[in-house]
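Q: Could you take me through one part of this protein in detail? I would like to follow a single helix and see what lies around it.

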Amino acid sequence: MVKITIIGASGTIGKNVAFTLAKEDVIDEIVMYSRERSHPKVTGEVLDMYDALAAEDIDSVLTPSCNVEDIAGSKIVLITSGVPRKDGYTRLDLAVPNAKIIKEYAQDIAKYAPDSIILIVTNPVDVMTSIALEYSGFEKNRVIGLGNHLDSLRLKTILSRHFRINSGEIHTRVIGEHGDHMVPLLSSTTIGGIPLKYFAQYEDLNVDKLVKKLKNAGGNIISKKGATEYGPSYAIGNLISTIVNDSRKILTVSTYLEGEVEGVYDVSLGVPVVLCRNGIQRIIPVHMKDDEKAEFFDAARTVKKCTYKIRELLDES
Ligand code: NAP
């Protein structure tokens with residue numbers, strides 16, 4: 001029996017992830033946890049989802065709850081609670097209020113679901129991953145942040161559309177911060193097994209424009225429709241089904257580093273990892289060109305500075 005919990009279930013990402021996973025039919029029970037004020041909304045969402053699932057002959061159980069004890073027995077607890085990023089906000093603007101939310105939920109998870117894997121979505125996700133690690137007291141393989149997997153999917157889309165090639169042929173990765181200091185690893189990107197720079201029509205690719213488009217991808221969606229929705233939900237679905245099915249895929253997630261990549265330590269950043277039923281099985285060392293390495297160090301400096309600031313503020317409050 002596989003049970004997972006979504007905390008912040010009334011939100012855009014929370015409810016979309018629930019429906020995405022329910023449709024995949026790999027989870028037996030999804031607890032949709034919300035604050036009490038959102039309970040009626042979550043209950044309505046669940047009733048609506050059941051109607052849709054009946055059309056697919058799927059019997060997943062969706063449990064609306066505002067009792068934190070109901071998270072007990074969850075294999076994965078996903079936290080999507082937080083103030084969403086509005087047009088013009090940076091992810092770092094959200095750090096203070098969201099860190100307080102993550103701190104409290106991490107402590108609840110440690111108490112009621114001590115064997116679970118925590119999956120953080122709340123932004124700024126790399127900082128929040130370190131906060132969740134600290135306040136849950138979990139081993140680091142069981143505290144994972146979503147960020148660069150979504151950025152990697154976005155890069156795949158941009159390349160696929162530029163070259164007019166099926167996205168399944170494109171192997172690429174974005175590491176570093178889920179934010180302005182993301183690092184697209186173009187030096188190790190391949191299309192159909194061919195390194196990007198040797199691929200036909202590479203000269204037509206304006207790399208600066210591509211990177212700008214990639215960094216602005218989330219903001220562009222938010223400026224047009226108010227929130228990102230399907231992309232993050234499917235990216236989270238990838239991570240959860242990889243863990244639940246013990247698929248051992250290499251996906252890029254935020255994890256607390258202790259020198260495994262270029263000696264960077266005491267900061268959570270997106271790096272490629274092997275994901276398995278226990279969370280992160282191992283971090284994969286990355287080969288970077290000098291300019292990519294410099295950008296990765298920049299990401300580490302920026303996220304570390306913010307994390308230290310947030311830790312100080314949490315200690316004071
Ligand atoms: P949303 O629709 O506003 O939902 C956020 C949920 O957070 C609310 O529905 C509420 O859930 C909970 N919440 C709000 N204020 C709270 C408070 N003061 N205390 C406790 N809970 C509170 O936002 P969203 O679009 O789903 O985005 C959720 C988070 O994910 C944001 O931080 C966003 O920036 C982030 N995000 C991250 C990625 C990524 O790749 N990492 C991608 C997209 C979005 P309940 O009332 O149900 O408890």
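A: Here is a close look at helix 3 and its surroundings. This is a predicted model, in which local features need pLDDT of at least 70, side-chain atom pairs count only at pLDDT 80 or more, and totals for chains, interfaces and linings use all residues. Residues are numbered from 1 along each chain as its sequence is written.

Let's start with length. Helices (H or I, at least four residues) and strands (E, at least two) are DSSP runs, numbered from the N terminus. Helix 3 covers residues 95-112, which is 18 residues. The expected span is 1.5 Å times one less than the number of residues, so it should be 26 Å, and the end C-alpha atoms are 25 Å apart, which agrees.

Now for its buried side. A residue is buried if 20 or more other C-beta atoms, placed from the backbone, lie within 10 Å of its own. In helix 3, Ala95, Asn98, Ala99, Ile102, Tyr105, Ala106 and Ile109 are buried. They cover an arc (from the directions from the helix axis to the C-beta atoms) of only 140°, which puts them on the same side of helix 3. Their cover includes strand 1 (3-7), strand 4 (76-79), strand 5 (117-120), helix 4 (125-136) and helix 9 (290-316).

Finally, the ligand. Helix 3 and helix 1 (12-24) each supply at least two residues of the shell around the ligand. Domain 1 (3-145) and domain 2 (149-312), with bounds from an automatic or database domain assignment, both give residues to this shell, so the ligand lies between them.

Note on methods: A residue is buried if 20 or more other C-beta atoms lie within 10 Å of its own, exposed if 12 or fewer, and partly exposed in between; C-beta atoms are placed from the backbone. Two residues are in contact if their C-beta atoms, placed from the backbone, lie within 7 Å.
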